[in-house]
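Student: Before we go through this entry together, could you show me the sequence and the structure, so that we can take the questions one at a time?

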Amino acid sequence: MDLIFEKSRPGRQGCAIPAGDVPAVNPREVIPPSLLRDELPLPEVAEVDLIRHYTALSRRNFGVDVGFYPLGSCTMKYNPKINEDVAKFPGFTGLHPYAPVAFSQGSLQLMYELRQYLSEIFGMADFTLQPAAGAHGELTGIMIFKKYFEKTGEKRTKILIPDAAHGTNPASGALCGYRTLTVRSNADGGVDIDHLASLMSDDTAGLMLTNPNTLGLFERNIEKVSDIIHNKGGLLYGDGANANAFLGKVRPGDLGFDVIQLNLHKTFSTPHGCGGPGSGPVGVGKKLVDFLTIPRVIKTDEGFAWSSEYPDAIGRVRTFFGNFNVMVKAYAYIRTLGPAGLKRAAEIAVLNANYIKARLQPYYDLSFDRPCMHECVFSGTRQVRESGVHTSDIAKRLLDYGYHPPTIYFPLIAPEAIMIEPNETESIEILDAFCDAMIQIASEARETPKVVKSAPLTTPVKRLDEVKAAREPNVCWKG
Ligand SMILES: *Cc1c(COP(=O)(O)O)cnc(C)c1O
């Protein structure tokens, strides 16, 4: 495919600019020579060339509107378009953050009600919507831990994190000055209870737990875990990034979590691949409400207003009020699905993952053989052993079958991990077609391993030399 610069023809243009009605000025007479460029080699193309060029480029890409994306909510699930439509209402997009409250009642009401919905769904006393992402929510949550112990006058310097945790967990603990201690997983893929009990002490702030964890497994001993932490005066933090596994089924607040962060962009409908806008609300139990961020939307007799009259608050963690647009999408998602719909979404997300697990189990080793939640984690160890085909080869071969590969090599505790998260939006036909491709690849790995190891063979860019790509990056690739 040609670069747009190669399509350029001198004098060709995509739009007609009206003749100037002011005297022409020679740039050399008004712009200092050091700032003046002799030549600005912009492509000169007609509108139709431009449209065809970028449409052709977009067709070389893969998106969730094009096909199945087993990276799941964690990276890119299909999101109902109505949520985008609502977020585009000019009343929302045209509102200036400094607009007086009298002109922004609708937006304030939306934030107020979203906090209430989230509190009800997750069993927490209140939420802040300010954090701009999951990791930012973690940081906010651990700042609340810190403030709480400052208030109780306790000196706690350590924080516990399971070895299956997302890398952002230890980072958040460390940013707040805690030393992180790693808790081992047991043979079941859950927290090793004895190890946890041996690490929990009076100078430990608590535990950051992801449930379901990054292996897609629900922590069976959650009540025991909660007791171990609370009996030593600690707090239990929940990383709720993947809440679509349990919406409407179980509430973290009822399980003993004192603080949780959500990823609205994962669970509640915002496309966010490539680091796009996020929102990581943080919910807390009753005893921590005073420490939440300010300002907060309050309801008064005259309508909704902002208040910062919370002397124990940790302060602000974000300019203005957070990523408001993401909140609108979450609000629309919750309102369109309703309580029964949210619960159904969780049920289907879990059913879909278990369906894939059951169909692929004869062909790939499972990391932990028990019912999973929203995602199932296989291990490519059998393929490595039998034919030297690695998980990265299997992932690249999936491209030839028209699928975006799933998450691979995470979580780190599963060797050659293949983590598949199908989500609630995919039908049984899609799941079956994907499983057929995975099964076909398993047989290719045995019979024609060379093919799998040289994949992808049908994509615009073939297999990259990863070492060369890292050592000598050539960002002007053309082919
Ligand atoms: C995605 C994720 C995070 C981080 O969320 P960001 O919005 O990317 O900062 C943290 N924990 C878990 C379990 C996650 O899946």
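Student: What percentage of the residues in the protein is buried?
Tutor: The model is a predicted one, and a residue is taken as buried when its relative accessible area is under 20%. Of the 479 residues in the protein, the share that counts as buried is 49%.

Student: Into which domains is the protein divided, and how many Å separate the centres of domain 1 and domain 2?
Tutor: The protein is divided into domain 1, covering residues 1-60, domain 2, covering 81-337, and domain 3, covering 343-471. When the centres of domain 1 and domain 2 are taken over C-alpha atoms, the separation between them is 48 Å.

Student: Which helix supplies the largest share of the shell around the ligand?
Tutor: The ligand is surrounded by 14 residues, with Gly134, Ala135, Asp239, His265 and Lys266 as the closest. Helix H6 (134-152) and helix H11 (264-267) each supply at least two residues of this shell. The largest share, three residues, comes from H6.

Student: Which residue has a polar backbone atom 2.7 Å from an oxygen atom of the ligand, and what percentage of the ligand's accessible area does the protein cover?
Tutor: Two side chains place a polar atom by an oxygen atom of the ligand, that of Asn242 at 3.4 Å and that of Lys266 at 2.8 Å. The polar backbone atom at 2.7 Å from a ligand oxygen belongs to Gly134. Of the 380 Å² of accessible area that the ligand has on its own, the protein covers 85%.

Student: Where is Pro411 found, and what is omega for the cis peptide bond that leads to it from Phe410?
Tutor: Pro411 is found in the loop between strand E12 (407-408) and strand E13 (417-420). The peptide bond from Phe410 to Pro411 is cis, and its omega is near -5°.

Student: Is Glu416 buried or exposed, given its phi near 50°?
Tutor: Glu416 lies in the loop between E12 and E13, and its phi near 50° is a positive value in a residue other than glycine. Tyr409, which lies in the loop between E12 and E13, has a positive phi of about 60° although it is not a glycine, and at 33% relative accessibility Tyr409 counts as partly exposed. The relative accessibility of Glu416 is 16%, and because the limit for a buried residue is under 20%, Glu416 counts as buried.

Definitions and conventions. Residues are numbered from 1 along each chain as its sequence is written. This is a predicted model: local features need pLDDT of at least 70, side-chain atom pairs count only at pLDDT 80 or more; totals for chains, interfaces and linings use all residues. Side-chain values use heavy atoms; hydrogens and water are left out. A residue is near a molecule or strand if one of its heavy atoms lies within 4 Å of it. A polar contact is a pair of N or O atoms within 3.5 Å; within protein, one must be able to donate a hydrogen and the other to accept it, and residues adjacent in sequence count only if both atoms are side-chain atoms. Accessible areas come from the Shrake-Rupley method with a 1.4 Å probe; for residues, only the protein chains shown count as cover. Helices (H or I, at least four residues) and strands (E, at least two) are DSSP runs, numbered from the N terminus. Domain bounds come from an automatic or database domain assignment. Buried means under 20% relative accessible area, exposed over 50%, partly exposed in between (1.4 Å probe, protein chains only).
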